[in-house]
Amino acid sequence: MRHEVPSRLRPQREDPLWVRVSLTATATAILGLLVAVPVANVFYQAFAEGLKVYWDSLTGDPATLHAMGLTLVVALSAVALNLVFGVAAAWAIARFRFPGRTLLLTLIDVPFSVSPVVAGLVFVLLFAAPEFFGPWFREHHIRVIGGTSGLILATAFVTLPFIARELIPVLEAVGPEEELAAASLGANGWQIFWRVTLPNIKWGLLYGVILCNARAMGEFGAVRVVSGNIEGQSQTLPLRVNMLFQDSKTAQSFAVASLLTFLALVTLLVKVTLERRAGAKAMMGPQELAPEAGVDQPVANQSLMGHGQS
Amino acid sequence: MATVNRRVLPGFRLSLGYTVFYLSLLVLIPLAMCYIQAARLSFSDFWSTVWTERARAAYGLTFGASFVSAILNVFIGILLAWVLVRYSFPFKRVFDALIDLPFALPTAVAGLVFANLYSPAGWLGRYLVPLGIQGAYSRLGIVLVLTFTGLPFVVRTVQPVLETFDAETEEAAATLGASRWQIVWRVIAPGVYPAVITGFALSFARAIGEYGSVIFIAGNRRNETEIAPYLIVELLDQFEFSEATAVAVVLLTISFVLLALINVLERWSKSHAS
């Protein structure tokens with residue numbers, strides 16, 4: 001409608017050209033210095049001593065190789081745990097109304113506001129402190145702290161909200177009509193879930209899994225506390241980066257860091273692709289994946305990766 | 001709707017039961033342990049643990065640096081959101097995607113690369129250090145890296161609000177004779193500032209808990225560049241469970257207060273928006 005008004009009669013909404021240019025330039029410069037330059041520097045430093053050193057520091061170091069395997073195991077386990085939780089929580093919260101529902105939503109956000117170090121600490125207290133179950137676990141030779149299970153628990157704690165937070169608004173936006181229809185036609189619970197619900201939420205689910213995985217593989221603080229940080233045993237990739245850095249093995253440290261940076265870039269790429277898909281769908285059917293569909297969804301979905309801007 | 005659903009759709013008890021079970025096991029019980037452990041200390045013991053000179057310096061640095069970085073994020077965030085919503089320019093998609101990178105990049109990598117960039121031989125340090133600006137192993141470095149990790153919060157809370165502004169309101173103001181500045185301050189700013197406060201609070205809360213990125217660049221000198229989470233890890237490494245827990249309880253309590261505050265702000269800004 002605005003286009004019909006001749007531009008000279010239309011009051012100015014646009015900033016003057018010099019304002020536009022200088023603001024855009026400033027913004028680009030800040031983003032460049034704060035984000036783009038660091039990313040470029042990671043790869044520059046990783047390859048600074050040549051391709052051979054890069055390759056050797058990734059494949060020739062048994063401790064680094066072990067860290068890769070351990071990171072995969074820990075992240076996959078934590079993601080799997082939170083996936084089951086996320087689906088259950090989203091189903092309960094998006095499909096039903098019950099007392100304490102808002103409280104439950106807030107509780108799901110708690111790991112976001114707890115320092116990762118404190119998250120690690122609580123598991124150390126639980127499983128290793130002499131005052132609680134530490135002696136019992138020691139008697140039964142169950143090693144949680146310093147072992148892989150401790151790493152999985154701490155990582156699962158830190159990444160707990162991601163998938164649930166992603167699924168709740170998606171499930172609410174889709175609405176229960178199709179599931180109600182399926183139920184009235186005699187489908188049982190699993191049939192409804194696999195044939196109706198899952199196809200409707202699969203992109204949101206994938207998105208949540210990707211975000212959760214990125215954070216799980218990169219987690220440092222919580223893992224640092226529960227891990228004994230022993231080379232080739234309880235060291236994940238981020239811990240490996242730290243140890244190499246402390247040993248002044250800069251090139252090796254950046255080589256490992258470049259892997260994690262690559263993971264972050266892939267995550268961003270998937271995010272952009274999925275959002276574009278969601279945007280295209282939103283144009284066809286406005287209710288699908290509408291970001292603000294959650295009735296009382298608290299602020300945390302912004303704190304993920306700002307999925308609200310499709 | 002609710003009662004119909006529960007009768008017709010299956011899985012209410014199962015899904016809710018599992019959700020509560022998992023949350024209790026992984027979050028509630030472990031966090032409760034933290035408070036129980038701290039409660040074993042007498043009040044004077046607790047106080048003498050959490051209020052040592054070293055701990056005070058660590059809180060001061062943690063909150064000070066987090067506050068400064070969150071303020072920086074407010075200015076940067078408003079600028080980035082404004083440019084992103086109002087202007088079109090080449091590579092805008094890349095620009096948009098880069099804003100989320102701090103959320104996706106592991107914090108250890110952020111710390112590593114910032115420490116390298118601002119060290120005397122680094123890409124930026126080689127120009128800044130001769131000017132007397134020590135970016136690495138200093139408090140400035142902590143602020144820098146916290147600004148990086150918190151960068152997306154303000155942008156992503158302000159951006160959707162800016163997008164909802166319709167041209168008509170601004171045009172009406174202009175028709176009534178408002179200058180460009182008046183429009184910005186009287187029309188746009190009041191609509192945006194609840195989102196700015198929320199973004200600030202999120203960024204601040206995130207910075208307080210941040211550990212991975214900071215320890216690389218801080219240097220971690222006692223009473224000088226040692227943040228509170230680092231202090232907790234130090235105490236734990238010496239098997240000082242009670243002391244570490246006491247400091248953690250302080251941090252945890254502040255996080256919860258902030259979380260509550262963020263929720264209140266969110267509700268308040270929502271009721272203002274409608």
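**Notes on the two-chain model**

1. Starting with chain B: its two domains are domain 1, covering 12-41, and domain 2, covering 54-273. Their C-alpha centres are 30 Å apart. Please keep in mind throughout that this is a predicted model.

2. The contact between these two domains of chain B draws six residues from domain 1 and seven residues from domain 2. On the domain 1 side, the residues that touch domain 2 of chain B sort into four nonpolar, one polar and one charged.

3. Chain A is also split into two domains, with domain 1 at 17-47 and domain 2 at 50-303. Here the C-alpha centres lie 29 Å apart. Six residues of domain 1 of chain A and nine residues of domain 2 of chain A make the contact. Of the residues on the domain 1 side, five are nonpolar, one is polar and none is charged.

4. Now to the interface between the chains. How many residues of chain B are in contact with chain A? The count is 87 residues of chain B, set against 86 residues of chain A. Helix α2(B) supplies the largest share of the chain B side, with 14 residues. By class, that side of chain B holds 63 nonpolar, 17 polar and seven charged residues.

5. Helix α2(B) deserves a look in your viewer. This helix, residues 12-39 of chain B, packs with helix α5 of chain A, residues 116-128. The helix axes are 8 Å apart, and the packing angle is about 75 degrees. Because the angle falls in the range from 65 to 115 degrees, α5(A) counts as roughly perpendicular to α2(B).

6. Which residues make this helix contact? From α5(A) come A:Leu121, A:Val122, A:Phe123, A:Leu125 and A:Leu126. From α2(B) come B:Pro30, B:Leu31, B:Met33, B:Cys34 and B:Gln37. Taken together, the residues in the contact of α5(A) with α2(B) are nine nonpolar and one polar, with no charged residues.

7. A word on confidence, which you will want beside the contacts above. Chain B has a mean pLDDT of 90, and 97% of its residues reach 70 or more. Where is confidence lowest in chain B, and where is it highest? The low end is helix α1 of chain B, residues 2-8, with a mean of 65. The high end is helix α7 of chain B, residues 107-118, at 96.

8. Finally, for the complex as a whole, the predictor reports an ipTM of 0.90 together with a pTM of 0.89.

Note on methods:
Residues numbered from 1 in each chain as written. Chains lettered and ligands numbered in written order. Predicted model: local features only at pLDDT ≥ 70, side-chain atom pairs only at ≥ 80, totals over all residues. Domains from an automatic or database assignment. Nonpolar A, V, L, I, M, F, W, Y, C, P; charged D, E, K, R; others polar. Axes fitted to C-alpha atoms, helices over the stretch in contact; angles between N-to-C directions. Helix = DSSP H or I, 4+ residues; strand = E, 2+ residues; numbered from the N terminus. Parallel < 35°, antiparallel > 145°, perpendicular 65-115°, else oblique. pLDDT = per-residue confidence, 0-100.
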